[in-house]
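Biologist: I've got this one open in front of me and I'd like to go through a single part slowly. Could you walk me through the sheet and the aromatic rings around it?

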Amino acid sequence: MAVLAVAALSYAGWRTFGQKEVADTGSLSEKDVSAFEKELAVPGPLGDMTLGDKNAPITIYEYASLTCSHCAEFSKDTFPLVKKNYIDTGKVYYVLRDFPFDPVATAAFMLSHCAGPERYFGFIEVLFASQAQWAFVDTPMDALKNLAKQGGFSDEKFEACMKDQTVFDHVKSVAERGGQKFGVRSTPTFFINGEKVEGAIPYADFEKFLKKHLPGGDKSAPAAPASGESTPAEPQQ
């Protein structure tokens, strides 16, 4: 029953994500970039899930799907270094945005939100690290429920979470706005001080984008190829 409560989001998402084109942030004027960043800063109905100092010189918005293998790769290989060297040192304010492709990813995001703000990123880390054990199995919702139990959820709490309309509407709103307003069409997609970067880029290349946006950095200089391996937000035929 739980999977039925979240199935509609993915169907609607496939029809709406990325339907509206937006300007390439690399060609925007400084004034337009500032306006674009203000739009990016608008949180979803339940607020944003964030790490770091809000006043940091760099803000990163990541749009991810929990069933995206490239997102899991970034979470495992690149993000820990970004957190250690930039988030924990006050240089980066990081915001994770929901962009699920399918009912299972939707359920996983809902579960993370139901865990609460203090446990949200812990659940995200575990879900990415164990992705193969729950996302790509014959009974993914059962596997997700088992992970939830390990995180302190009872069966009743898990089922209530999967039926929580408020959480569902938040995930849907964030994902639809990402596709329609900001042209997110694949995951992971990042906006680094408004600059769009797509794909699971190795840390050495990702850091080049961060350095150019630090105080004194040359913001007009090309940092690295602005794309890496990513998963398109398209339904599988």
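Modeller: Sure, and let's start at a pairing: Phe191 stands opposite Lys196 in strand E6. That contact belongs to the join between E5 and E6, two strands that run antiparallel and share 4 bridges. Keep in mind as we go that this is a predicted model.

Now zoom out to the sheet. Five strands make it up, in the order E1-E3-E2-E5-E6, and the sheet is open, with mixed pairing. Its edges are strand E1 (49-51) and strand E6 (195-198), each of which pairs on one side only. From one strand to the next the twist averages 20°.

Two helices pack on this sheet. Helix H4, residues 79-87, touches E1, E2 and E3, and its direction makes about 145° with that of E3. Helix H11, residues 203-212, touches E2, E3, E5 and E6, with its direction at about 25° to that of E5.

Strand E2 deserves the close look. It spans residues 58-64, and 7 of its 7 residues are buried. Both faces are covered: on one side you have Ile58, Ile60, Glu62 and Ala64, on the other Thr59, Tyr61 and Tyr63, and all of them are buried. Note that Glu62 is on that list of buried residues.

What about the neighbours of E2? With strand E3, residues 92-98, the two run parallel and 7 bridges join them. Within that pairing, Tyr63 has Arg97 of E3 as its bridge partner. With strand E5, residues 189-192, E2 pairs in the antiparallel sense over 4 bridges. There, Glu62 has Phe190 of E5 as its bridge partner.

Tyr63 also brings us to the rings. Searching the whole structure turns up 13 aromatic pairs. One of them is Tyr63 with Phe99, an edge-to-face pair at 6.3 Å centre to centre with 90° between the planes. The two come from distant parts of the chain, 36 residues apart: Tyr63 lies in strand E2, while Phe99 is in the loop between E3 and helix H5 (103-114). Both Tyr63 and Phe99 are buried.

For a second edge-to-face pair, go to Phe123 and Phe153: it earns that label because the planes are at 70°, with the ring centres 5.8 Å apart. This pair also links distant parts of the chain, 30 residues apart, with Phe123 in helix H6 (residues 117-129) and Phe153 in the loop between helix H8 (140-150) and helix H9 (155-162). Phe123 has 10% relative accessibility, so it counts as buried. Phe153 is at 4%, so it counts as buried too.

Phe153 has another partner worth a look: the charged end of Lys157 sits over its ring, 4.5 Å from the centre. You'll find a similar arrangement at Tyr86, where the charged end of Lys91 sits over the ring, 5.4 Å from its centre.

Back to where we came in. Ring pairs link Phe36, Tyr63, Phe99, Phe101, Phe182 and Phe191 into a cluster. So two residues we've already met turn up there: Tyr63, the bridge partner of Arg97, and Phe191, the one opposite Lys196.

Conventions:
Residues are numbered from 1 along each chain as its sequence is written. This is a predicted model: local features need pLDDT of at least 70, side-chain atom pairs count only at pLDDT 80 or more; totals for chains, interfaces and linings use all residues. Side-chain values use heavy atoms; hydrogens and water are left out. Buried means under 20% relative accessible area, exposed over 50%, partly exposed in between (1.4 Å probe, protein chains only). Two strands pair if DSSP finds at least two bridges between them. Axes are lines fitted to C-alpha atoms, for helices over the stretch in contact, and angles run from 0 to 180 degrees between N-to-C directions. Contact means heavy atoms within 4.5 Å. Rings of Phe, Tyr and Trp (its six-membered ring) pair if their centres lie within 6.5 Å; planes under 30 degrees apart count as stacked, over 60 as edge-to-face and the rest as tilted. A charge sits over a ring if NZ of Lys or CZ of Arg is within 6 Å of the ring centre and within 35 degrees of the ring normal.
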